[in-house]
Amino acid sequence: MDRSYLSHAGVIAASREFVCIRPLTYENAIEAPFLESLFRGRSGNLENTVFAMLGPDAKTRLCRTGRSPGFAFRSPDQMAAAMKQILKKYPSTKTAPRPLPLLPNVRLGLNVSSCDNTPLAIIYSPDQAVRTKLQQQLATLAWDKNHIGQIQFCVATRAEELKSLAGKTQKPGILIVQPGTYGNNGQLISAVDPDTTPAELGDAIDFALLVSEFQQKTMRQHIVRGQQLGVNWKTAIPVTDSGGSRRRRPSN
Amino acid sequence: MIRQIVPLLLPLVMTLAAPPADAAERIAWYSTLKQGLAVAKATGRPILLVSAAPHCHGISGIW
């Protein structure tokens, strides 16, 4: 996928008024049919990536769907302009608080945060009430202008879910982790207790963002080195994309 | 209370370095259809959807 679209300042600015969803392809059997309904490759199967812009009903298609934004737009500028036009049709009238965006589990949390080069904040507690309280605290922080999109979040309820983290057995709280290069492990950067104050939590997140390492990755080197190291990611459902990165020209 | 890792360095780092306001801006994604579609329905906002596989040729850590 051409990522220049999704890192374009105009697209990012417009995205703040959209609900942005990035399902993890091949990681959820329930989601796969919906993605397939939006776009199938030439083989008729679900491909690695799917792009769409939809109405709030998730049915109304607001642009051409495809494998990437390049299927619908000639340039990032054109995509940003289209998003602005769409927003005129959907003026924001409801002010429901936005929940914390959560990755499905620690395993996917580590992997996705490694892909994105961001820290991962794990809400860890066996107590549902504690988890809910911490999620609410983090939600406020996650959507503020200084932190939006800068960190990933997931939940753990049992110590076994934290076995891929380096360090001692963790106490309940919020664990902020630097993901490993291949997202199959992580290093604890900071941790806060469940009774932390919002200010302390903000400090811990800012600290993690300051000290976390940006890992420059190139596709070929990453894959070759990963194969040498025996990395072998298991997806939840079979991968049906035969080609992967074939470049296609937009048709309009 | 912050209870872990280089906490002694925290005041120093926070003093010397700017907060992450200057970090590269990114899109903030919901990672599941269940959560994202519920927010869209509740807020009436349009949806930007980009699915992606967090691996390439079985190697994780890269889109």
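Which residue is the bridge partner of Cys20(A) in S1(B)? To find out, select Cys20(A) in the viewer and look across to S1(B): the partner is Leu48(B). This tour starts from that pair and then moves outward. Please keep in mind throughout that the model is predicted.

**Stop 1: the strand of chain B between two strands of chain A**

Select strand S1 of chain B, residues 47–51, together with S1(A). These two strands run parallel and are joined by three bridges. Now add S2(A) to the selection. S2(A) is also joined to S1(B), here by five bridges, and this pair runs antiparallel. Return to Leu48(B) in S1(B): Met53(A) stands opposite this residue, while Cys20(A) has Leu48(B) as its bridge partner as well.

Next, colour S2(A) by burial. Why can this strand be called largely enclosed by the rest of the structure? Five of the five residues of S2(A) are buried, so the strand is largely enclosed. Both of its faces are covered. On one side are Val50(A), Ala52(A) and Leu54(A), and on the other are Phe51(A) and Met53(A).

**Stop 2: Ile47(B)**

Select Ile47(B), which lies in strand S1 of chain B. Is Ile47(B) buried or exposed? A residue counts as buried when 20 or more other C-beta atoms lie within 10 Å of its own. Ile47(B) has 26 C-beta neighbours inside 10 Å, and therefore counts as buried.

Show the contacts of Ile47(B), leaving aside residues up to four places away in sequence. In chain A, Ile47(B) touches Phe18(A), Val19(A), Ile21(A), Met53(A), Leu54(A), Pro56(A) and Ala58(A). From chain B, Ala40(B) is also touched by Ile47(B). For a distance to check, draw a line between the C-alpha atoms of Ile47(B) and Ala28(B): they are separated by 12 Å, and the two residues are 19 apart along the chain.

**Stop 3: the whole contact between the chains**

Widen the selection to every residue in the contact. Chain A gives 76 residues and chain B gives 50 residues. On the side of chain A that touches chain B, several elements supply at least two residues each, among them helix H1 (9–15), helix H2 (32–38), strand S7 (186–192) and helix H7 (219–229). Which element gives the largest share of this side? H6(A) does, with eight residues. Coloured by class, the side of chain A that touches chain B shows 44 nonpolar, 22 polar and 10 charged residues.

**Stop 4: chain B as a whole**

Hide chain A. Chain B has two helices and three strands, and along the sequence they follow the pattern α-α-β-β-β. Of its 63 residues, 48% count as buried.

Now colour chain B by pLDDT. The average is 77, and 63% of the residues score at least 70. Where in chain B is confidence lowest, and where is it highest? The lowest value belongs to helix H1 (residues 10–16) of chain B, with a mean of 42, and the highest to S1(B), at 98. Over residues 6–22 of chain B, pLDDT stays under 50. For the complex, the predictor gives an ipTM of 0.91 and a pTM of 0.88.

**Stop 5: the sheet of chain A**

Show chain A again. Its domain assignment gives domain 1 (9–89) and domain 2 (106–211), and the C-alpha centres of these two domains lie 28 Å apart.

Select the five strands of the open sheet, which has the order S4-S3-S6-S7-S5 in chain A and mixed pairing. Strand S4 (152–156) and strand S5 (165–166) stand at the edges, each with a single partner strand, so one side of each is left without a neighbour in the sheet. S4(A) pairs with strand S3 (residues 120–124) of chain A in the parallel sense, over five bridges. Within this pair, Leu120(A) stands opposite Gln152(A).

**Stop 6: helices on the sheet**

Add H4(A), which packs on the sheet and touches S3, S4, S6 and S7 of chain A, its direction making about 165° with that of S4(A). H4(A) is mostly covered, with 10 of its 11 residues buried. The buried residues include Leu108(A), Leu110(A) and Val112(A). Besides the strands of chain A, the buried residues of H4(A) pack against strand S3 (59–60) of chain B. Just after the helix comes Asn117(A), whose phi is positive, near 60°.

Finally, select helix H5 (residues 128–142) of chain A. This helix lies across S3, S4 and S6 of chain A and runs at about 155° to S3(A).

Methods: Residues are numbered from 1 along each chain as its sequence is written. Chains are lettered from A and ligands numbered from 1 in the order in which they are written. This is a predicted model: local features need pLDDT of at least 70, side-chain atom pairs count only at pLDDT 80 or more; totals for chains, interfaces and linings use all residues. Two residues are in contact if their C-beta atoms, placed from the backbone, lie within 7 Å. Helices (H or I, at least four residues) and strands (E, at least two) are DSSP runs, numbered from the N terminus. Ala, Val, Leu, Ile, Met, Phe, Trp, Tyr, Cys and Pro count as nonpolar, Asp, Glu, Lys and Arg as charged, and the others, Gly among them, as polar. Two strands pair if DSSP finds at least two bridges between them. pLDDT is the predictor's confidence in each residue, from 0 to 100. Domain bounds come from an automatic or database domain assignment. A residue is buried if 20 or more other C-beta atoms lie within 10 Å of its own, exposed if 12 or fewer, and partly exposed in between; C-beta atoms are placed from the backbone. Axes are lines fitted to C-alpha atoms, for helices over the stretch in contact, and angles run from 0 to 180 degrees between N-to-C directions.
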